[in-house]
Amino acid sequence: MSKDLIGYDRLVESGLRSVIREALRRVAEEGWPGTHHAYITFRTDAPGVDVPDSLRARYPDELTIVLQHQFWDLEVDDDHFAVTLSFSKVGHRLTVPFAALTGYADPSVKFGLQFGAAGQAEQEAASPKADGAKARAKQDAPEAAPEAAEEDAAPEAGGEKVVALEQFRKK
């Protein structure tokens, strides 16, 4: 079999990240419709991620945030989003590049995306702290969002819409 010189896996991940970008743009303009909400997991050590030092110390690898009722000033750009969230009753501004995302889930409609090796490889090359063997968000989701791990771990049969790119990659 020939080597993929086009980089289809990176193109697919880029396309899927644009789904998240467009969903967040709608939310920024109109708010969440109905019961929609999102669990967003990202690499805290990825280039361009701006989180408070206290959060980076507590979650040096990955952090899952919940955008549901209490978030403010959501701004969505082509390559990142920024939002203000409350941690221990103190508002903090977070800036997260879409390239840093490792997972996105909207449990209200059983929709989720996970980003794997291709995106991580690029981030690990740019981040000397990363070692490539970090646990996925569903395995060590922070205390603030344990439901995200449960949603990913046990989707209902027939209703799942989770796209895991690993199944399409050559091993």
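**Entry 1: Glu13 and Arg17**

I began with the side chains of Glu13 and Arg17, which form a salt bridge with N and O 3.2 Å apart. The model is predicted, so I read this pair as a feature of a prediction. Where do the two residues sit relative to each other in helix H1? They are four residues apart in that helix, which spans residues 8-30, so about one helical turn separates them.

I then looked up the burial of each partner. Glu13 has a relative accessible area of 3%, so I noted this residue as buried. Arg17 comes out at 9% and is buried as well, because the cut-off for buried is under 20%.

**Entry 2: Arg43 and Asp45**

Next I checked Asp45. Its salt-bridge partner is Arg43, and the closest N and O atoms lie 3.1 Å apart. Are these two residues buried or exposed? Both Asp45 and Arg43 are buried.

**Entry 3: Glu75 and Arg93**

I moved on to Glu75, which pairs with Arg93 in a salt bridge. Here the closest N and O atoms are 3.5 Å apart. Which strands hold the two partners? Glu75 belongs to strand E3 (residues 71-76) and Arg93 to strand E5 (residues 90-97). The two residues are 18 apart, and the pair links distant parts of the chain.

I looked up Arg93 for accessibility too. Its relative accessible area is 30%, so I put Arg93 down as partly exposed.

**Entry 4: a shared network**

Which residues are joined into one network by salt bridges that share partners? I found Glu22, Arg25 and Asp78. For the total, I took the search of the whole structure, which gives five salt bridges. As a general point, I noted that side chains of opposite charge can pair when their charged atoms come close.

**Entry 5: the whole protein**

I closed with the overall layout. The protein has four helices and eight strands. Along the sequence I read the pattern α-β-α-β-β-β-β-β-β-α-α-β.

How many of the 171 residues count as buried, as a percentage? I have 40% for that. Glu13 is one of the buried residues, and so are Asp45 and Arg43.

I also looked at contacts between residues at least 6 apart in sequence. Of these, 62% join residues at least 24 apart. Last came the surface: the protein exposes about 9,900 Å². Carbon and sulfur atoms supply 51% of that area.

Notes:
Residues are numbered from 1 along each chain as its sequence is written. This is a predicted model: local features need pLDDT of at least 70, side-chain atom pairs count only at pLDDT 80 or more; totals for chains, interfaces and linings use all residues. Side-chain values use heavy atoms; hydrogens and water are left out. A salt bridge is a side-chain nitrogen of Lys or Arg within 4 Å of a carboxyl oxygen of Asp or Glu. Buried means under 20% relative accessible area, exposed over 50%, partly exposed in between (1.4 Å probe, protein chains only). Contact means heavy atoms within 4.5 Å. Accessible areas come from the Shrake-Rupley method with a 1.4 Å probe; for residues, only the protein chains shown count as cover.
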